[in-house]
Amino acid sequence: MARPTTVPRSDVLLTVMGAPYENDLLTSVLRLSQAMLEGGATVQIWACGYATMLTQRGLGDSKPRNLAAWEVDHPSTSLLVREMLLAFPDRLRWYACRFCSDDRGAVDHIPEVPVRAPARFAEHVAAADKTLYLGVM
């Protein structure tokens, strides 16, 4: 898949920073982006810090099973992101910060998530009408 050299315009850029499982950060990002997409907005998500772990290919499609409810299958974060990207192909883009990915060993993202150098972050901000930072600053 050829990756664009310029960042497409978007209504909103969600910058996700911090540990995704420490609090409700991931749920907030997924719900907020889905609500905006269902409302017709174009959204780009820039994952930085430990949020780069969300789209790792090694996560597979399912979370590890819960011994208390073995029959229940919960989707992994990489599957949730992939499904959202497939559901909104022209209006959602998800990017991972190269520096943060490399620093955390998160170097095998699902193919739908391009990895960008942190120097390109300013291009993403400039391409968005609004930028929202979620997580640790």
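Here are some informal notes on the strands, cores, ring pairs and charged pairs of this predicted model.

1. Ground rules. Residues are numbered from 1 along each chain as its sequence is written, and side-chain values use heavy atoms, with hydrogens and water left out. Since we are looking at a predicted model, local features need pLDDT of at least 70 and side-chain atom pairs count only at pLDDT 80 or more, while totals for chains, interfaces and linings use all residues.

2. Strand 1. A good place to start is strand 1, residues 10-16. Helices and strands here are DSSP runs numbered from the N terminus (H or I and at least four residues for a helix, E and at least two for a strand). Six of the seven residues of strand 1 are buried, so the rest of the structure largely encloses this strand. As for the wording, buried means under 20% relative accessible area, exposed means over 50%, and partly exposed is in between (1.4 Å probe, protein chains only).

3. Its neighbours. Strand 1 pairs with strand 5 in the parallel sense, over six bridges, and Val16 stands opposite Leu134 of strand 5. Strand 1 also pairs with strand 2, again in the parallel sense, over five bridges; there Thr15 stands opposite Trp46. Two strands count as paired if DSSP finds at least two bridges between them.

4. The largest core. A nonpolar core is a set of buried Ala, Val, Leu, Ile, Met, Phe, Trp, Tyr and Cys residues joined through side-chain atoms within 4.5 Å. The largest one has 25 residues, and Leu14, Val29, Val43, Ile45, Leu92, Trp94 and Val113 have the most contacts inside it. Strand 1, helix 1 (25-38), strand 2, helix 2 and strand 3 (92-97) each supply at least two of its residues. Helix 1 gives the most, with six residues.

5. Leu14 up close. Contact means heavy atoms within 4.5 Å. Leaving out residues up to four places away in sequence, Leu14 touches a list that includes Val29, Leu32, Met36, Val43, Ile45 and Leu132. Apart from the largest core lies another, of nine residues, among them Met17, Tyr95, Cys100 and Ala128.

6. Gln44. Don't skip this residue of strand 2. Gln44 has a relative accessible area of 2%, which is why Gln44 counts as buried. Among the residues Gln44 touches, not counting those up to four places away in sequence, are Val7, Ser10, Val12, Leu14, Arg93, Tyr95 and His124.

7. Ring pairs. The model holds two aromatic pairs. Rings of Phe, Tyr and Trp (its six-membered ring) pair if their centres lie within 6.5 Å; planes under 30 degrees apart are stacked, over 60 edge-to-face, and the rest tilted. Trp46 and Phe121 have ring centres 5.2 Å apart and planes at 65°, so their pair is edge-to-face. This pair links distant parts of the chain, with Trp46 in strand 2 (residues 43-47) and Phe121 in helix 4 (residues 121-127), 75 residues apart. Phe121 also pairs with Tyr133, this time tilted, at 6.2 Å centre to centre and 55° between the planes. Tyr133 is in strand 5 (residues 128-134), 12 residues from Phe121.

8. The ring cluster. Ring pairs link Trp46, Phe121 and Tyr133 into a cluster. Both Trp46 and Phe121 are buried, whereas Tyr133 is partly exposed because its relative accessibility is 37%.

9. Salt bridges around Arg9. A salt bridge is a side-chain nitrogen of Lys or Arg within 4 Å of a carboxyl oxygen of Asp or Glu, and the model holds seven. Arg9 bridges to Asp11 at 3.2 Å, N to O, and to Asp129, where the closest N and O atoms are 2.9 Å apart. Arg9 lies in the segment before strand 1 and Asp129 in strand 5, so this bridge ties together parts that are 120 residues apart in sequence. Arg9, Asp11 and Asp129 thus appear as a linked network of salt bridges. Both Arg9 and Asp129 are exposed.

10. Another bridge to check. The side chains of Arg57 and Asp108 meet in a salt bridge at 3.1 Å, N to O. Arg57 lies in the loop between strand 2 and helix 2 (77-87) and Asp108 in the loop between helix 3 (98-103) and strand 4 (115-116), so the pair ties together parts that are 51 residues apart in sequence. Arg57 is partly exposed, at 45% relative accessible area, and Asp108 counts as partly exposed at 37%.
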